[in-house]
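Ready for some practice in reading a protein structure? Take a look at the sequence and the 3D view, then work through the exercises below, trying each task before you read its solution.

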Amino acid sequence: MVPLRDENPSRITPYITYGLIAINILVFIYELSLTDFQLAQFFELFAVVPKELTASFSGIPVNQPVPEPLTLVTSQFIHAGFVHIGFNMLFLWIFGNNVEEALGSLKYLVFYLTCGILASLTQWFFSAQSPIPSLGASGAIAGVMGAYILKFPTARVVTLIPLGLFWTTVRIPAVFFLGFWFLQQAFNSLASFDVRAHIGMESGGVAYWAHAGGFVFGAILGPLLGLLSDRAESYTQ
């Protein structure tokens with residue numbers, strides 16, 4: 001199922017959401033200018049390398065110019081391919097504006113980055129010795145989706161669905177669209193205990209733990225930051 005848009009108009013211009021999308025696209029354009037060797041070095045430097053993060057947490061120097069804990073943020077803005085960034089930015093475009101409106105732009109930015117950090121740490125917890133760089137905005141965007149399902153469960157998501165050789169669109173309540181997405185990530189997380197998963201590497205695994213973790217943390221942090229408050233209601237009625 002591919003979401004095309006939601007039927008949930010926003011009263012604000014979501015500058016933070018637009019800015020996040022722009023930064024991700026600009027970084028990806030820069031990635032396209034690199035050779036394969038340079039790109040591998042770029043990922044090694046700015047993506048989360050679980051094994052190096054584990055060493056850093058233990059006080060063991062990893063001899064990288066970028067402190068490994070900082071990659072919990074920088075990794076959120078790099079992607080491994082067109083499909084990876086395309087789907088991530090599509091989901092952020094559809095669901096980010098309403099969550100930004102409900103939280104307010106500054107809190108939304110803090111919320112987004114925090115969800116991304118916690119999502120990466122969730123994935124790291126289950127692959128602490130992996131040498132494979134982990135990268136992508138998926139965990140942060142999953143947090144946005146976790147907040148969205150709480151705030152706008154009945155909002156309709158216009159969704160493209162394949163029916164054999166044909167495609168059609170249906171209007172699915174967010175609680176079912178996002179709920180199904182979360183259950184899929186959670187199921188695959190449990191099924192991948194013995195699989196080395198990593199974020200966004202299209203030739204390898206998918207970071208289902210980061211997706212599921214980001215969604216859960218988004219559903220927790222959103223209300224703590226006032227997602228369901230009267231102030232938020234005044235923007236979204």
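**Exercise 1. A salt bridge**

Task: In this predicted model, find which side chain meets that of Glu7 in a salt bridge, and say where the two partners sit.

Solution. Step 1: start from the general idea that side chains of opposite charge can pair when their charged atoms come close. Step 2: apply the cut-off, which asks for a side-chain nitrogen of Lys or Arg within 4 Å of a carboxyl oxygen of Asp or Glu. The side chains of Glu7 and Arg171 pass this test, with 2.9 Å from N to O. Step 3: place the partners. Glu7 is in the loop between β1 (2-6) and α1, while Arg171 belongs to strand β3, so the pair links distant parts of the chain, 164 residues apart. Step 4: check the surroundings. Glu7 is partly exposed at 31% relative accessible area, and Arg171 is partly exposed at 47%. Step 5: count. The rule gives one salt bridge.

**Exercise 2. The strand that holds Arg171**

Task: Work out how strand β3 is joined to strand β2, and in which direction the two run.

Solution. Step 1: locate the strands, β2 at residues 156-163 and β3 at residues 166-173. Step 2: look at the pairing. Eight bridges join them, and they run antiparallel. One bridge to find on screen is that of Arg156, whose partner in β3 is Pro173. Step 3: inspect the turn. Two residues lie between the strands of this hairpin, and Gly164 takes a positive phi near 65° there.

**Exercise 3. Checking a helix length**

Task: Test whether the span of helix α6 agrees or disagrees with the value expected at 1.5 Å a residue.

Solution. Step 1: α6 covers residues 105-126, which is 22 residues. Step 2: the expected span is 1.5 Å times one less than the number of residues, so α6 should reach 32 Å. Step 3: compare. The end C-alpha atoms of α6 are 32 Å apart, which agrees. Step 4: see what surrounds the helix. Its buried residues include Tyr108, Phe111, Tyr112 and Trp124, and among the elements that cover the buried residues of α6 are α1, α5 and α9.

Now try α9 in the same manner. Helix α9 has 17 residues and reaches 24 Å, close to the 24 Å expected. Among its buried residues are Trp209, Phe215 and Leu221. Following α9 comes Gly226, with a positive phi near 95°.

**Exercise 4. Buried or exposed?**

Task: Decide whether Ile149, Gly81 and Leu26 are each buried or exposed.

Solution. Step 1: recall the cut-offs: under 20% relative accessible area is buried, and over 50% is exposed. Step 2: take Ile149, in helix α7. Its relative accessibility is 14%, so Ile149 is buried. Leaving aside neighbours within four places in sequence, the contacts of Ile149 are Ala174, Val175, Leu178, Gly179 and Phe215. Phe177 is 28 residues from Ile149 in sequence, with 9.1 Å between their C-alpha atoms.

Step 3: take Gly81, in the loop between α4 and α5. At 8%, Gly81 is buried. Glu31 is 50 residues from Gly81 in sequence, yet their C-alpha atoms are 9.4 Å apart.

Step 4: take Leu26, in helix α1. Its value of 59% makes Leu26 exposed. Together with Ile25 and Ile29, Leu26 makes a nonpolar surface patch of about 290 Å².

Note on methods. Residues are numbered from 1 along each chain as its sequence is written. This is a predicted model: local features need pLDDT of at least 70, side-chain atom pairs count only at pLDDT 80 or more; totals for chains, interfaces and linings use all residues. Side-chain values use heavy atoms; hydrogens and water are left out. Helices (H or I, at least four residues) and strands (E, at least two) are DSSP runs, numbered from the N terminus. Buried means under 20% relative accessible area, exposed over 50%, partly exposed in between (1.4 Å probe, protein chains only). Contact means heavy atoms within 4.5 Å. Patches are made of residues with over 30% relative accessible area and no salt bridge: like charges are joined within 9 Å, nonpolar side chains (Val, Leu, Ile, Met, Phe, Trp, Tyr) within 5 Å. Accessible areas come from the Shrake-Rupley method with a 1.4 Å probe; for residues, only the protein chains shown count as cover. Two strands pair if DSSP finds at least two bridges between them.
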